[in-house]
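Could you walk me through this structure in my viewer, one selection at a time? I am new to this, so please tell me what to click next and what is there.

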Amino acid sequence: MLFGLSTMTQAQTTTPDLPTNRIVVLGDATLELPADQVRVQVNLRFTDPTDAKKAYEGHRAAEKRLVQLLKDFKIDDKDIVYSLLNVHKNVDLYGPDGRRREEVGTDQQIIFKLNDLKRYPELQLTLIGGGFNNFSASFSSTKEDDNKNKVLEKAIEVARAKAETMAKASGRTLGGVLSVRDTEETDPALGRRYPVAMAFASESLRAGKSAADSGNLFEFPQKIVIPAQVKVTFELK
């Protein structure tokens, strides 16, 4: 695991809720994890010029094919999430002749994780062969949740180290922590809310394109990056 660290400092004037003798430091940290999963999103969409039932039946048939595909690839139930089926009517569409037309359609997103990276070329070929041409994928890691707190703790450590250096350089002494917050929060408070933005190495897929059966890029390890930034306010003595 590799941590990348950086810090920023911010001078502040007196505010009603915090004392004058304080120092505010931004602490940043990043954690790199090896990718061991592929996160796949399949978009189901079926339309009919007038009949909602026909669109729905086409959608349901595709659902059944996809469920069987997930079973064939041994995708665990806990690694599958999906949105509710949405049936809607589109109006003000224009056909090739330029005339207004209407359309009834369905939409649904299914997201699942494939734990065997080597099977991904086979998976995308199977998806395309099954009529699922609208899908995308990104790398992910099974260890993301286990490391979210680690990167936040490291960001706080970085903030403290910088604050200690600045306090010493100015002939002051660093006191206790007055507040900790992530950089999107507006209310300074000590808490344990840890929203972490995930940065994924993503790839877009199009029907008709597939990876080679051997010697593909999956032989080269990929990493995902978990960043964290916190704003820590210390007492300055």
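## First stop: D79

Select D79 and show what surrounds it. Setting aside neighbours up to four places along the sequence, D79 is in contact with I111, F112, K113 and N115. Keep in mind throughout that this is a predicted model.

Where in the chain are you? D79 sits in the loop between α1 (52-72) and β4 (80-82). Is D79 buried or exposed? With a relative accessible area of 11%, D79 is buried, since buried means under 20%.

Now add K78 to the selection. The side chains of K78 and D79 meet in a salt bridge, 3.5 Å from N to O. Side chains of opposite charge can pair when their charged atoms come close. The two partners sit in contrasting surroundings: K78 counts as exposed, at 65% relative accessibility, whereas D79 counts as buried.

Stay in this loop and select K74, which is also found between α1 and β4. K74 has a positive phi of about 55°, although it is not a glycine. Its relative accessible area of 72% makes K74 exposed.

## Zoom out: the whole chain

Switch to a cartoon view. The protein has 3 helices and 10 strands. Starting at the N terminus, follow the elements in the order β-β-β-α-β-β-β-α-β-α-β-β-β. Of the 237 residues, 33% count as buried. Among the contacts with a separation of 6 or more, 79% are between residues 24 or more positions apart.

## Second stop: more salt bridges

How many salt bridges does a search of the whole structure find? The search finds 8. You have already seen K78 with D79; here are two others to visit.

Select E63 and R60. They form a salt bridge whose closest N and O atoms are 2.6 Å apart. Both residues belong to helix α1, and being 3 residues apart, they are separated by about one helical turn. E63 is buried, at 18% relative accessible area, while R60 counts as partly exposed, at 35%.

Next, select D107 and R45. In this salt bridge the closest N and O atoms are 3.8 Å apart. The pair links distant parts of the chain: D107 is in strand β6 (residues 100-114) and R45 is in strand β3 (residues 37-48), 62 residues apart. Both count as partly exposed, D107 with a relative accessible area of 21% and R45 with 46%.

## Third stop: helix α2

Select residues 120-129, which make up helix α2. Which residues of α2 are buried? They are Y120, P121, L123, Q124 and L127. Turn the view to look down the axis of α2: the buried residues fall within an arc of 160°, so they line one face of the helix. After α2, click on G131, whose phi is positive, near 90°.

## Fourth stop: helix α3

Select residues 144-169 for helix α3, which has 26 residues. Try a distance check here: at 1.5 Å a residue, α3 should span 38 Å, and its end C-alpha atoms are 38 Å apart, which agrees. Then colour the buried residues of α3: E144, N147, V151, L152, A155, V158, A159, A163 and A167. G171, which follows α3, has a positive phi, near 75°.

## Last stop: the nonpolar cores

Select I23, V151, A163, L174, V232 and F234. These are the residues with the most contacts inside the largest nonpolar core, which has 22 residues. The elements giving two or more residues to this core are β2 (22-34), α3, β8 (174-182) and β10 (223-236). Which element gives the largest share of this core? It is β10, with 7 residues.

Centre the view on I23. Not counting residues up to four places away in sequence, I23 touches A163, M166, L174, V232, T233, F234 and L236. To finish, look at a second, separate core of 20 residues, which includes V40, Y120, L127 and A137. You may recognise Y120 and L127 from the buried residues of α2.

Technical notes: Residues are numbered from 1 along each chain as its sequence is written. This is a predicted model: local features need pLDDT of at least 70, side-chain atom pairs count only at pLDDT 80 or more; totals for chains, interfaces and linings use all residues. Side-chain values use heavy atoms; hydrogens and water are left out. Buried means under 20% relative accessible area, exposed over 50%, partly exposed in between (1.4 Å probe, protein chains only). Helices (H or I, at least four residues) and strands (E, at least two) are DSSP runs, numbered from the N terminus. The arc is that of the directions from the helix axis to the C-beta atoms. Contact means heavy atoms within 4.5 Å. The expected span of a helix is 1.5 Å times one less than its number of residues. A nonpolar core is a set of buried Ala, Val, Leu, Ile, Met, Phe, Trp, Tyr and Cys residues joined through side-chain atoms within 4.5 Å. A salt bridge is a side-chain nitrogen of Lys or Arg within 4 Å of a carboxyl oxygen of Asp or Glu.
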